[in-house]
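Visitor: Please take one part of this protein and look at it closely. I would like to hear about the aromatic rings, and then about what surrounds them.

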Amino acid sequence: MSEEPVPVTPRRRKSLRMLSLGNPLVRLVLRSPFHWVLSGRLMLLTYTGTKTGNTYTLPIAYFHWGDGRLLAFSRGTAWSRRIAGREIALCIRGRTTRATARLYDDRDSIASVLGEFVHRKGSKAASSLLLGLPSDVPPTPEDLEAAAMRTRIVEFTLL
């Protein structure tokens, strides 16, 4: 049984807002022949709004998860809920592909995926998610539970 979704509040610090001002430049680079500068960790997510019909393109960090799957982490931003269960476009390493998005938004499944992430990628990679996970030792179940309160996870399956 899955518990209720975790309410992740979008408390964006001023530094993060300033960083998002660079998104147009990042989008330009990721669409250019020079995408290799950023495309090892960043991809472009493109989706169409259900109410407005507008197309939105966001640069987001991703991690390979195996078998044509990718993971992305969201700290309360709305894009993760808007794409859940939908087919979207991803531009990865200069190539555009279709994918479906699955949202993990309950605490238990997020903590479980975070634990698996640490197991596969290591503590240092997990600490780079900026969720308060330690970089020098494996996180405790309490660490994973606390980090699960601060994030949502989106799993993309490439079509």
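Guide: Rings of Phe, Tyr and Trp (its six-membered ring) pair if their centres lie within 6.5 Å; planes under 30 degrees apart are stacked, over 60 edge-to-face, the rest tilted. By that rule, the structure holds 5 aromatic pairs. The model is predicted, so local features need pLDDT of at least 70 and side-chain atom pairs 80 or more, while totals for chains, interfaces and linings use all residues. Residues count from 1 along each chain as its sequence is written, and side-chain values use heavy atoms, without hydrogens and water.

Start with Phe63 and Phe73. Their rings form an edge-to-face pair. The centres are 5.9 Å apart, and the planes stand at 80 degrees. Phe63 belongs to strand 3, and Phe73 to strand 4 (helices, H or I, have at least four residues and strands, E, at least two; both are DSSP runs numbered from the N terminus). The pair therefore ties together parts that lie 10 residues apart in sequence. Both Phe63 and Phe73 are buried (under 20% relative accessible area; exposed is over 50%, partly exposed in between; 1.4 Å probe, protein chains only).

Now stay with Phe73 and turn to Phe117. These two rings also make an edge-to-face pair. Here the centre-to-centre figure is 5.4 Å, and the planes are again 80 degrees apart. This pair links distant parts of the chain. Phe73 sits in strand 4, while Phe117 sits in helix 4, which covers residues 107-121. The two are 44 residues apart. Phe117 is buried, just as Phe73 is.

Next, add Trp65. Phe63, Trp65, Phe73 and Phe117 make up one aromatic cluster. Trp65 has a charged partner too. Arg120 lies over its face, 3.8 Å from the ring centre (NZ of Lys or CZ of Arg within 6 Å of the centre and within 35 degrees of the ring normal).

Look at the loop between strand 3 and strand 4. Strand 3 spans 63-66, strand 4 spans 69-74, and Asp67 lies between them. Asp67 has a positive phi of about 55 degrees, although it is not a glycine. Asp67 is exposed, at 75% relative accessible area. By contrast, Phe63 and Phe73 are buried.

Arg93 tells a similar backbone story. Its phi is near 55 degrees, a positive value in a residue other than glycine. Arg93 sits in the loop between strand 5 and strand 6, the latter running 95-104. At 45% relative accessibility, Arg93 is partly exposed.

Follow strand 5 back to its partner. Strand 5 (residues 87-92) runs antiparallel to strand 1, with 3 bridges between them (strands pair if DSSP finds at least two bridges). Thr46 has Ala89 as its bridge partner in strand 5. Strand 1 (residues 42-48) is also joined to strand 2 (residues 55-61), through 7 bridges. These strands run antiparallel as well. Leu42 stands opposite Ala61 of strand 2. The hairpin of strand 1 and strand 2 has 6 residues between the strands. In that hairpin, Gly53 takes a positive phi near 80 degrees.

Just before strand 1 comes a loop from helix 2 (23-31), and Val37 has its place there. Val37 is exposed, with a relative accessible area of 51%.

Finally, step back. The protein has 6 helices and 7 strands. From the N terminus, the elements run α-α-β-β-β-β-α-β-β-α-α-α-β. Of its 159 residues, 38% count as buried.
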